[in-house]
Amino acid sequence: MSSSTDTAMKPTPGSLAIVTGGSRGLGKVVALALKAQGHRVVIVSKDPSRAAATAQEISCDFRAVDFEDFDATRKTFEEIQSTFGVPEILVLAHGVMSDRLSKTLRTNTEEWRRVMAINLDSVFVAINTICPAMAEARNGRVVIFTACLGRMSGPGNTGGLAPYRVSKAGVNALVRNLAHETNLGARGFLIDAMCPNHSRTDMGGPDAPRSAEEGAETAIWLATRPFTPGEDKTGLFWEDRQIVEW
Ligand SMILES: NC(=O)c1ccc[n+]([C@@H]2O[C@H](COP(=O)([O-])OP(=O)(O)OC[C@H]3O[C@@H](n4cnc5c(N)ncnc54)[C@H](OP(=O)(O)O)[C@@H]3O)[C@@H](O)[C@H]2O)c1
C-alpha cells in the first residue's frame, strides 16, 4: 500500500543548492544546513573576500556580484548554471534595510532605487534566469526571505521604512504570482516566501530576540520538506512553519 510519504517529492541527495546572501547572517545558516544535509552549495553575495572566507568555512563554492548591477547578476547566474547545472534548491536570502528615516515623503530616489534594486529587482533577475530550467525539470524549490513588514495585513505596511516595506510587499506579490503561473506545485515547482522574524544578524542587530538559527529554520524546512502535490501547499507566506496571511 502506498502512502503520501512514498509519493512525496524530495530533493535528490547531493543535488545543487544556490543560496544568495550566503556570506553571513540567515543565508549563511541556510547554506551550512544544506551543506550538512549533503547538498552541493553555491553561495552568492556581494563582497568577494567575505564570500570566499565563508565558502572556505562551509566547504562550498561561491560567486560574488553586486545585485544592483542587473546585467552582471544575470551573467553570474547564467555562469553558475552552466558550470554547476540546474539547481533543485534556490534560496534567496540577500537583502538590505532602508535608511532608518526613510519615510515615503522624506526618502529620495537614490535610496528608493537602491533598496528596490537589491531587494526586489534582483529577485526577479535571479528567478527569471534560474527558474525556467528548474520548472522544466519539474523538481525545484524556491524559498525567498521576505518580511512581515511587507505584508498587507497585520503589522505589514503600516508606515516607515518605506522602500524596505514596499520592496518586500513586491517580493510577496511576485511569489504568489509565480506560484499561480506554475500551477501551485502541481508540476513539481515550489515557490514560497517566509519571514524569519527579528533575528540576530548584521541587519537585525545584536539585541534581536531570535538567533540566526531560529530565524533561518523555516527556510531550511521549506527548501527540503517532502511535498505531495494536491496535498501540501506552496505559493504562500510562512512564519515558524505556519501559513500566515499576506
Ligand atoms: N535579520 C532580521 O531580523 C530579518 C527580519 C526579517 C527579514 N529579514 C530578511 O532576511 C534576509 C537576510 O537578512 P540577514 O539578516 O541575514 O541580512 P545580513 O546579515 O545583513 O546579510 C545580508 C546578505 O545580503 C547580501 N547582500 C546585500 N547587498 C547585496 C548586494 N548589493 N549584492 C549582493 N549581495 C548583497 C550580503 O552580502 P555581503 O556579505 O557581501 O555584503 C549578505 O550576504 C533579508 O532578505 C532580510 O530582509 C531579516
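**Exercise 1. Find what comes after helix α2, then describe the helix.**

Look just past α2: glycine 38 follows the helix, and its phi is positive, near 100°. Helices here are DSSP runs of H or I with at least four residues, strands are runs of E with at least two, and both are numbered from the N terminus. Before going on, note that this is a predicted model, where local features need pLDDT of at least 70, side-chain atom pairs count only at pLDDT 80 or more, and totals for chains, interfaces and linings use all residues. Residues are numbered from 1 along each chain as its sequence is written.

Step 1: check the length. The 12 residues of α2 should span 16 Å at 1.5 Å a residue, and the end C-alpha atoms are 17 Å apart, which agrees. (The expected span is 1.5 Å times one less than the number of residues.)

Step 2: is α2 enclosed or open? A residue is buried if 20 or more other C-beta atoms lie within 10 Å of its own, exposed if 12 or fewer, and partly exposed in between, with C-beta atoms placed from the backbone. In α2, 10 of the 12 residues are buried, so the helix is largely enclosed by the rest of the structure. Among them are Gly25, Lys28, Val30 and Ala33.

Step 3: name the packing partners. The buried residues of α2 pack against β1, β2 (40-45), α3 (48-58), β4, β5 and α7.

**Exercise 2. Work out who surrounds the ligand.**

Step 1: list the nearest residues. There are 29 residues around the ligand, and Gly25, Asp47, Gly95, Thr201 and Gly204 come nearest. To be near, a residue needs its C-beta atom, placed from the backbone, within 6 Å of the molecule or strand.

Step 2: which helix gives the most to this shell? That's α2 (residues 25-36), with three residues.

Step 3: sort by class. The shell has 11 nonpolar, 11 polar and seven charged residues. Here Ala, Val, Leu, Ile, Met, Phe, Trp, Tyr, Cys and Pro count as nonpolar, Asp, Glu, Lys and Arg as charged, and the others, Gly among them, as polar.

**Exercise 3. Follow helix α7 and pick out isoleucine 220.**

Step 1: get the helix's dimensions. α7 (residues 212-224) has 13 residues and reaches 18 Å from its first C-alpha to its last, close to the 18 Å expected at 1.5 Å a residue.

Step 2: where does α7 bend? Go to threonine 218, where the bend is about 30°; this is the angle between axes fitted to the seven residues ending there and the seven starting there.

Step 3: look at the packing. The buried residues of α7 pack against α2, β4 (89-92), β5, β6 and β7.

Step 4: zoom in. Isoleucine 220 lies in α7 and has 22 other C-beta atoms within 10 Å, so it is buried. Leaving aside neighbours within four places in sequence, isoleucine 220 is in contact with Val30 and Ala33; contact means C-beta atoms, placed from the backbone, within 7 Å. Val30 and Ala33 are among the buried residues of α2.

**Exercise 4. Do the same for alanine 51.**

Step 1: alanine 51 sits in helix α3. Step 2: count its neighbours. With 21 C-beta neighbours inside 10 Å, alanine 51 counts as buried. Step 3: setting aside neighbours within four places in sequence, alanine 51 is in contact with Ser23, Ile43, Ser45, Phe62 and Ala64.

**Exercise 5. Compare two residues with positive phi: buried, partly exposed or exposed?**

Step 1: asparagine 197 isn't a glycine, yet its phi is positive, about 70°. Asparagine 197 is found in the loop between β6 and α7. With 16 other C-beta atoms within 10 Å, asparagine 197 is partly exposed.

Step 2: arginine 241, also not a glycine, has a positive phi near 65°. Arginine 241 is in the loop between β7 and β8 (242-243). With 11 other C-beta atoms within 10 Å, arginine 241 is exposed.

**Exercise 6. Decide how far to trust the coordinates.**

Step 1: start with the whole protein. Its mean pLDDT, the predictor's confidence in each residue from 0 to 100, is 95, and 98% of its residues reach 70 or more.

Step 2: find the extremes. Confidence is lowest in helix α1 (residues 4-7), at a mean of 63, and highest in strand β1 (residues 16-20), at 99.

Step 3: apply the rule. Where pLDDT is low, the predicted coordinates should not be read in detail.

Terms used:
Two residues are in contact if their C-beta atoms, placed from the backbone, lie within 7 Å.
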